[in-house]
Amino acid sequence: MLAEERRFRIREVLSARRTVSAAELCASLGVTAATIRRDLATLEHEGVLVRSHGGAVSQMSSTKFQPSYETLARSNSEEKRAIARAAEHLILDGDTVFLEGSTTVYELAARLHSRTRK
């Protein structure tokens, strides 16, 4: 898992619960304590959290946090591609579709763009 995705997931946990322990993050993300300490230090430097003994406390309100589009695109990317593959089969050549700007729909748009017309 990339550092950005780990940090995104840490933000998600803090957004939902406001506090998290380092041990819990290690277990849920499958990384070492040293990796979690580096991630928490980075997020603390960004003003997202305050590190405490054994964990972290959120510094953000639930409405303040908005991850970058690139971070969202990397999060659950396999699932997004699977959804895009399934959706692509529902769209016939010549169909008109309206798409919104989510990262999952971007995967669909890329598949439709590269599809050969018959």
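A salt bridge here is a side-chain nitrogen of Lys or Arg within 4 Å of a carboxyl oxygen of Asp or Glu. Keep that cut-off handy, and remember as you click around that this is a predicted model.

**Stop 1: a salt bridge in helix 1**

Select Arg-9 and Glu-5 and show their side chains. They meet in a salt bridge, with 2.8 Å from N to O. Both residues sit in helix 1, four residues apart, which is about one turn of the helix. Side chains of opposite charge can pair when their charged atoms come close. Under the 4 Å rule the count comes to nine salt bridges.

**Stop 2: helix 1 against helix 2**

Now widen the selection to helix 1 (residues 3–17) and add helix 2 (residues 22–29). Their axes come within 11 Å and cross at roughly 130°. The two helices are therefore oblique to each other. The crossing is right-handed. To see what touches, pick Arg-6, Arg-9, Ile-10 and Arg-17 on helix 1, then Glu-24, Leu-25 and Leu-29 on helix 2. Colour this contact by class and you get three nonpolar residues, no polar ones and four charged ones. Arg-9, from the salt bridge with Glu-5, turns up in this contact as well.

**Stop 3: helix 2 against helix 3**

Hide helix 1, keep helix 2 and bring in helix 3 (residues 33–45). These axes come within 9 Å and cross at roughly 110°. That makes helix 2 roughly perpendicular to helix 3. Helix 2 passes helix 3 in a right-handed crossing. Select Ala-22, Leu-25, Cys-26 and Leu-29 from helix 2, plus Ala-33, Ile-36 and Leu-40 from helix 3, and you have the contact. What classes of residue make up the contact of helix 2 with helix 3? Seven are nonpolar, with no polar and no charged residues. Leu-25 and Leu-29 of helix 2 are worth a label: they take part in the contact with helix 3 and also in the one with helix 1.

**Stop 4: the sheet**

Switch to cartoon and find the strands. There are three of them in an open sheet, in the order 1-3-2, with antiparallel pairing. Strand 1 (19–21) and strand 2 (49–52) stand at the edges with a single partner strand each, so one side of each has no neighbour in the sheet. From one strand to the next, the twist averages 20°. Strands of a sheet pair through backbone hydrogen bonds, either parallel or antiparallel, so backbone atoms are the ones to display here.

Start with strand 2 and strand 3 (residues 55–58), which run antiparallel and are joined by four bridges. You can step along the pairing:

- Val-50 stands opposite Val-57 in strand 3.
- Arg-51 stands opposite Ala-56 in strand 3.
- Ser-52 has Gly-55 of strand 3 as its bridge partner.

Keep going round the turn. Strand 2 and strand 3 form a hairpin with two residues between them, and Gly-54 in the turn has a positive phi of about 85°.

Next, look at the other side of strand 3. Strand 1 pairs with strand 3 in the antiparallel sense over three bridges. Which residue of strand 3 is the bridge partner of Ser-21? Pick Gly-55. Gly-55 is also the partner of Ser-52.

Bring helix 1 and helix 2 back to see how they sit on the strands. Helix 1 lies across strand 1, strand 2 and strand 3, running at about 130° to strand 1. Helix 2 lies across strand 1 and strand 3, running at about 75° to strand 1.

**Stop 5: helix 5 and helix 6**

Finish further along the chain with helix 5 (residues 77–88) and helix 6 (residues 103–114). The axes come within 8 Å and cross at roughly 50°. That makes helix 5 oblique to helix 6. The handedness of this crossing is right-handed. From helix 5, select Lys-80, Arg-81, Ile-83, Ala-84, Arg-85, Ala-87 and Glu-88; from helix 6, take Thr-103, Thr-104, Glu-107, Leu-108, Arg-111 and Leu-112. Those residues make the contact, and they divide into five nonpolar, two polar and six charged.

Notes
Residues numbered from 1 in each chain as written. Predicted model: local features only at pLDDT ≥ 70, side-chain atom pairs only at ≥ 80, totals over all residues. Heavy atoms only, no water. Axes fitted to C-alpha atoms, helices over the stretch in contact; angles between N-to-C directions. Parallel < 35°, antiparallel > 145°, perpendicular 65-115°, else oblique. Left-handed = near helix turned anticlockwise from the far one by under 90°. Contact = heavy atoms within 4.5 Å. Nonpolar A, V, L, I, M, F, W, Y, C, P; charged D, E, K, R; others polar. Pairing = 2+ DSSP bridges.
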